[in-house]
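Q: Got a minute to go through this structure with me? I'd like to understand how each label gets earned.

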Amino acid sequence: MSEENANHELEAAVLRRLIRHLDENRDVQNIDLMIAGGFCRNCLGRWYAEAANERGIDLSETEARERIYGMPYADWKKKYQKPATEEQLRRFAARHG
């Protein structure tokens, strides 16, 4: 296996692990991820769709989000997303304002 192929396999494995980790930690809200890291599950979905489209693969952002969330985003949001607290909103504004 070439070094480039090995790197691609490693990167894919890391992404799968990140998605699994986020799935195992659904209590971590997207706003928390945005505050701490400047990205969230939606960002991952957008990046996934962009990477697919750059490679000529027709994949919508909605379809990509389903791969990240493991279900339609609306379902995930209904089951797991909580309203942002005043503290979360304050911290988000301080970071991104």
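A: Sure. Asn 42 is a good place to begin, and it is found in helix H3. Keep in mind that this is a predicted model.

Q: Why is Asn 42 called buried?

A: Its relative accessibility is 15%. Buried means under 20%, so Asn 42 counts as buried.

Q: What makes the link between the side chains of Asn 42 and Arg 65 a polar contact?

A: The two side chains come to 3.4 Å. The cut-off is a pair of N or O atoms within 3.5 Å, where one must be able to donate a hydrogen and the other to accept it, so this pair makes the list.

Q: Which residues does Asn 42 touch, not counting those up to four places away in sequence?

A: Asn 30, Arg 65, Tyr 69 and Tyr 73.

Q: Let's follow Asn 30, then. Where is it, and why is it called buried?

A: Asn 30 sits in helix H2. Its relative accessibility is 8%, and the label needs a value under 20%, so Asn 30 counts as buried.

Q: What joins the side chains of Asn 30 and Tyr 69?

A: A polar contact of 2.8 Å. Leaving aside neighbours within four places in sequence, Asn 30 is also in contact with other residues, among them Cys 40, Trp 76 and Gln 81.

Q: How do you know that Cys 40 and Cys 43 don't form a disulfide?

A: Check the sulfurs. The one in Cys 43 is 4.0 Å from the closest cysteine sulfur, in Cys 40. A disulfide needs the two sulfur atoms within 2.5 Å, so this pair is too far for a bond. A search of the whole structure finds zero disulfides.

Q: Are those two cysteines buried or exposed?

A: Buried. Cys 40 has 6% relative accessibility, and Cys 43 has a relative accessible area of 8%. The limit is under 20%, so Cys 40 gets the label, and so does Cys 43.

Q: Which residues make up the largest nonpolar core?

A: There are eight in all: Ile 19, Leu 22, Leu 33, Met 34, Cys 40, Cys 43, Leu 44 and Ile 68. Helices H1, H2 and H3 each supply at least two residues of this core.

Q: Why is Ile 68 called buried?

A: Its relative accessibility is 6%. Set that against the limit of under 20%, and Ile 68 counts as buried. Ile 68 lies in helix H4, residues 61–69. Leaving aside neighbours within four places in sequence, Ile 68 is in contact with Ile 19, Arg 41, Leu 44, Gly 45 and Tyr 48.

Q: How do you know that the buried residues of H4 are on the same side?

A: In H4, Ala 64, Ile 68 and Tyr 69 are buried. They cover an arc of only 130° around the axis, which puts them on the same side of H4. The buried residues of H4 pack against H1, H2, H3 and helix H5.

Q: What comes just after H4?

A: Gly 70, which takes a positive phi of about 80°.

Q: And the whole protein: how many helices and strands does it have?

A: Six helices and zero strands. Buried residues make up 25% of the 97 residues. The protein exposes about 6,900 Å², and carbon and sulfur atoms supply 51% of that.

Notes
Residues numbered from 1 in each chain as written. Predicted model: local features only at pLDDT ≥ 70, side-chain atom pairs only at ≥ 80, totals over all residues. Heavy atoms only, no water. Helix = DSSP H or I, 4+ residues; strand = E, 2+ residues; numbered from the N terminus. Buried < 20%, exposed > 50% of the residue type's maximum accessible area, 1.4 Å probe, protein only. Contact = heavy atoms within 4.5 Å. Core = buried A, V, L, I, M, F, W, Y, C linked by side-chain atoms within 4.5 Å. Arc of directions from axis to C-beta. Areas by Shrake-Rupley, 256 points an atom, 1.4 Å probe, with all protein chains shown as cover.
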